[in-house]
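Trainee: Please pick one buried residue and give me a close look at it. Then work outward from there, step by step.

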Amino acid sequence: MDEQGQSIQVVPMEPRHIEDLERLEKECFSTPWSFDALVSELSNPLAVFRVAEIGGRVAGYVGMNHIVDEGYICNVAVFPQYRRLGVATRLFEELDRYAKENDMASISLEVRKSNLNAQSFYHKFDFEIVGERKNFYANPTENALIMTKTYGGLF
């Protein structure tokens with residue numbers, strides 16, 4: 001529940017979300033995804049994009065590509081006014097449920113090396129640092145840590 005007592009609903013991304021998600025991207029990232037890039041994910045058969053809503057308003061979203069038995073998280077963002085209300089937690093719980101239901105072996109993501117808050121959050125969901133990508137991010141240039149969560153299997 002958020003501070004007004006409204007629950008967080010997580011739903012598949014739909015066309016009605018795109019304008020809000022484009023605004024969210026611009027608020028959160030130095031190289032945001034465009035409107036067209038977000039729209040293209042609606043028809044991508046590998047895309048697993050989920051939107052968190054509070055009171056019918058977009059609070060945040062997560063995007064992942066599901067390839068064979070692996071997931072690759074490409075985007076996670078929450079509007080500033082909805083942070084620390086459990087939005088990201090609900091989104092990651094949904095990805096975790098999806099991964100288990102679809103017998104995925106792992107989910108990976110990149111995070112800025114300096115983003116200790118995000119790293120701490122991902123650790124709570126059992127993501128571990130497995131590598132580093134040199135100069136992965138721009139504006140400013142920074143290395144990325146690769147974090148992966150494994151689900152049973154050979155890992």
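Mentor: Start at Glu110, which has a relative accessibility of 12%. Buried means under 20%, so Glu110 counts as buried. Keep in mind that this model is predicted.

Now find the partner of Glu110. Its side chain meets that of Arg133 in a salt bridge, 2.6 Å from N to O. Glu110 sits in strand S5 (residues 106-112) and Arg133 in strand S6 (residues 128-137), so this pair ties together parts that are 23 residues apart in sequence. Why can such a pair form? Side chains of opposite charge can pair when their charged atoms come close. The two partners are covered to unlike degrees: Glu110 is buried at 12%, while Arg133 is partly exposed at 36%.

Stay on S6 for a moment. Glu132 is in this strand too. Glu132 is partly exposed, with a relative accessible area of 39%. Look across to Ala144, twelve residues from Glu132 along the chain. Their C-alpha atoms are separated by 5.6 Å.

Next, a second bridge. Lys149 and Asp96 join their side chains in a salt bridge, with 2.8 Å from N to O. Lys149 belongs to strand S7 (residues 142-150) and Asp96 to helix H3, so here the linked parts are 53 residues apart in sequence. Check the cover on each partner. Lys149 is buried at 10% relative accessibility. Asp96 is buried as well, at 14%.

These two residues also turn up around an empty space. Rolling a probe the size of a water molecule over the atoms shows where empty space is left. The structure holds one cavity of 30 Å³ or more. The largest cavity has a volume of about 30 Å³. Lys149 and Asp96 are among its lining residues, which also include Phe92, Leu95, Ile107, Phe125, Phe127 and Tyr151. H3 gives the most to this lining, with three residues.

So H3 deserves a look. This helix covers residues 87-101, which is 15 residues. Test its length. At 1.5 Å a residue, H3 should span 21 Å, and its end C-alpha atoms are 21 Å apart, which agrees. Several H3 residues are buried, including Val87, Leu91, Phe92, Leu95, Tyr98 and Ala99. Glu94 and Asp96 are buried there too. Glu94 also belongs to a network of salt bridges with Arg50, Arg97 and Glu101. Just past the end of H3, Asp103 takes a positive phi of about 50 degrees.

Go back to the other end of the helix. Tyr82 lies in the loop between S4 and H3. Tyr82 is buried, with a relative accessible area of 11%. What is 28 residues from Tyr82 in sequence? That is Ile54, and the two C-alpha atoms are 8.7 Å apart in space.

Now the open space. The largest pocket holds about 1,300 Å³. The pocket is lined by 34 residues, and those nearest its centre are Phe29, Val76, Asn115, Ala118 and Tyr122. Elements that give two or more residues to this lining are H1, strand S4 (70-78), H3, S5, helix H4 (116-124) and S6. So the strands of our starting pair, S5 and S6, are both on that list. S4 gives the most, with seven residues.

Compare one more bridge, from H1. Arg23 forms a salt bridge with Asp20, with the closest N and O atoms 3.3 Å apart. Being three residues apart in helix H1 (residues 18-28), they are separated by about one helical turn. Arg23 is partly exposed at 38%, and Asp20 is partly exposed at 27%. The full count comes to 14 salt bridges.

Finish at the surface. Phe35, Val39 and Leu42 make a nonpolar patch of about 200 Å². Leu42 is found in helix H2 (residues 35-42). Leu42 is partly exposed, at 34%.

Conventions:
Residues are numbered from 1 along each chain as its sequence is written. This is a predicted model: local features need pLDDT of at least 70, side-chain atom pairs count only at pLDDT 80 or more; totals for chains, interfaces and linings use all residues. Side-chain values use heavy atoms; hydrogens and water are left out. Helices (H or I, at least four residues) and strands (E, at least two) are DSSP runs, numbered from the N terminus. The expected span of a helix is 1.5 Å times one less than its number of residues. Buried means under 20% relative accessible area, exposed over 50%, partly exposed in between (1.4 Å probe, protein chains only). Patches are made of residues with over 30% relative accessible area and no salt bridge: like charges are joined within 9 Å, nonpolar side chains (Val, Leu, Ile, Met, Phe, Trp, Tyr) within 5 Å. Accessible areas come from the Shrake-Rupley method with a 1.4 Å probe; for residues, only the protein chains shown count as cover. A salt bridge is a side-chain nitrogen of Lys or Arg within 4 Å of a carboxyl oxygen of Asp or Glu. On a 1 Å grid over the protein atoms alone, a cavity is a set of points where a 1.4 Å probe fits but cannot get out, and a pocket is an open set with protein on both sides within 12 Å along at least five of seven lines; lining residues have an atom within 4 Å of a point. Grid points are joined across faces, edges and corners, and a volume is the space filled by probe spheres set on the points.
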